[in-house]
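User: I am new to reading protein models and would like to go through this one step by step. Could you show it to me first?

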Amino acid sequence: MSHPKEWMSVRPEGLYCSAGDFYVDPVRAVARAVITHGHSDHARPGHGEVIATAETLAIMGVRYGSGFCDRRTPLDYGGVMDMGPAKLSFAPAGHILGSAQAIIAHDGGRIVVSGDYKRRPDPTARAFEAVACDVFVTEATFALPVFRQPSVDAELIKLLTSLALFKDRCHLVGVYSLGKCQRVMMELRRLGYVKPFFVHGALIKMCELYETLGYRLGEIVPVASVEKASLAGEIVLAPPSALSDRWSRNLPNVLTVMASGWMQIRARARQRMVELPLVISDHADWDELIATLKDVGAPEVWITHGREDALTYIAAKLGYRARALSLLGFEEEDGE
Ligand SMILES: [Zn+2]
Ligand SMILES: [Zn+2]
C-alpha cells in the first residue's frame, strides 16, 4: 500500500494527484480538474475537463456561461470513476447545493479532500458524510475557539421579530448569491414566512437554478419591478456589496441585516454598517471542526484555507499527525 503523500502534492495550480493526473479545486486553468463545489475560489472557469456533481456543473454554467470548460463530466455522490490507476468518488459535504468531498483511493491508500463543509442541517445541501481515510484534508475558515455558531432558527427569529416590531422599515438582508441566499429563503419558509422575497437582480439567476432543481423558494420578485415605497416592512435580499452602495439608497427606511458566519466579529458588522447581524454560516465552526476530525478518524490531517495554525495545533494535541497545506488563492468571503 502507498500513503497518499506519495501521490498527492501541492503545486502552484493547487492540490495535485499524480496517480490520476488531476487537480482538486485548482486556482489556475488545468487540463483536468475535480471541483468540490461552485463557490468562485474553488470553481474557476477555463479548465479542460471538469469533474463535479451535476449540481456543481449546473452552478458553474450559470456563473460562467456554458463554455466554462471544454468537457463536463458529472459524477454522482457514491459513484466511482477511474482516474488512471486511482479511483475518484464523491460524498456530500453539507456546504451548499452540490458540494462534495473528493475521495481519492490509490494503491491501498485513501485521501478525502473535503472542500468546504458544515455539519448543521441545511435544506439546500445533502448532509456531510464522514468517510474513513488515511488523510483528511479539512478547511479551517472558522478554526478559532471564538467561533461558535448559534442555531439558524435563533438567528432568523431575530429577523422575523424585527419585521414584526418595525413594520415601516425595509429589511435589507445581505446574502452571498450562491448558497446563503437560497438557504436563508428556505429556512424562512420553514419558519412560516409566506410573503414574497424581493431580490436584487444579481440573485435571480441562481435562485432560478435552485427552483429548476426542485428547491421551493416561494414567490420571488425582482426589486426593479416594484415601486420602492411598497418595500416598507418587506424582506429585500441583496449581495453584501449592494448593502452600502447606490442601489440600496432608494429603499424606504432601510434596516440593514447581514447573514454570514463573519457576523460573529462585531468589527465586521460595524464595517458593513449592519444593524442586525445574523450569524449564519455554511462552514463548520470550531466545535464542528474538532468533532469532524474525530468522526472521520483519519490518523493524518492536512489543513487548508483559513486559520490553519489554530487547527493544526489542536489536531496535533488530540493525537493526529497534522500539517498545514499552504494552498493559495482561497478567499475567505465568498459564500460564508
Ligand atoms: Zn465554499
Ligand atoms: Zn472555500
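Analyst: Domain bounds, as used here, come from an automatic or database domain assignment, and the model itself is predicted.

User: Into which domains is the chain divided?

Analyst: One part of the division, domain 2, covers residues 152-278. The other part is written as two stretches, 4-146 and 283-324, and these together are domain 1. The chain is therefore divided, under that assignment of bounds, into domain 1 (4-146 + 283-324) and domain 2 (152-278).

User: How many residues of domain 1 are in contact with domain 2?

Analyst: The centres of the two domains, taken over C-alpha atoms, are separated by 29 Å. On the side of domain 1 that touches domain 2, the residues divide into seven nonpolar, four polar and three charged. Contact is made with 15 residues of domain 2, and the number on the side of domain 1 is 14.

User: Which strands stand at the edges of the open sheet?

Analyst: The sheet has seven strands in the order 7-8-9-10-11-18-19, with mixed pairing. Two of these strands each have a single partner strand, so one side of each is left without a neighbour in the sheet. The strands at the edges are strand 7 (80-83) and strand 19 (321-324).

User: Which residue in strand 18 stands opposite V137?

Analyst: Strand 11 (residues 135-140) and strand 18 (residues 300-306) run parallel and are joined by six bridges. Helix 7 (residues 308-317) packs on the sheet, where it touches strand 11, strand 18 and strand 19. Opposite V137, in strand 18, stands W302.

Definitions and conventions
Residues numbered from 1 in each chain as written. Chains lettered and ligands numbered in written order. Predicted model: local features only at pLDDT ≥ 70, side-chain atom pairs only at ≥ 80, totals over all residues. Pairing = 2+ DSSP bridges. Helix = DSSP H or I, 4+ residues; strand = E, 2+ residues; numbered from the N terminus. Contact = placed C-beta atoms within 7 Å. Axes fitted to C-alpha atoms, helices over the stretch in contact; angles between N-to-C directions. Nonpolar A, V, L, I, M, F, W, Y, C, P; charged D, E, K, R; others polar.
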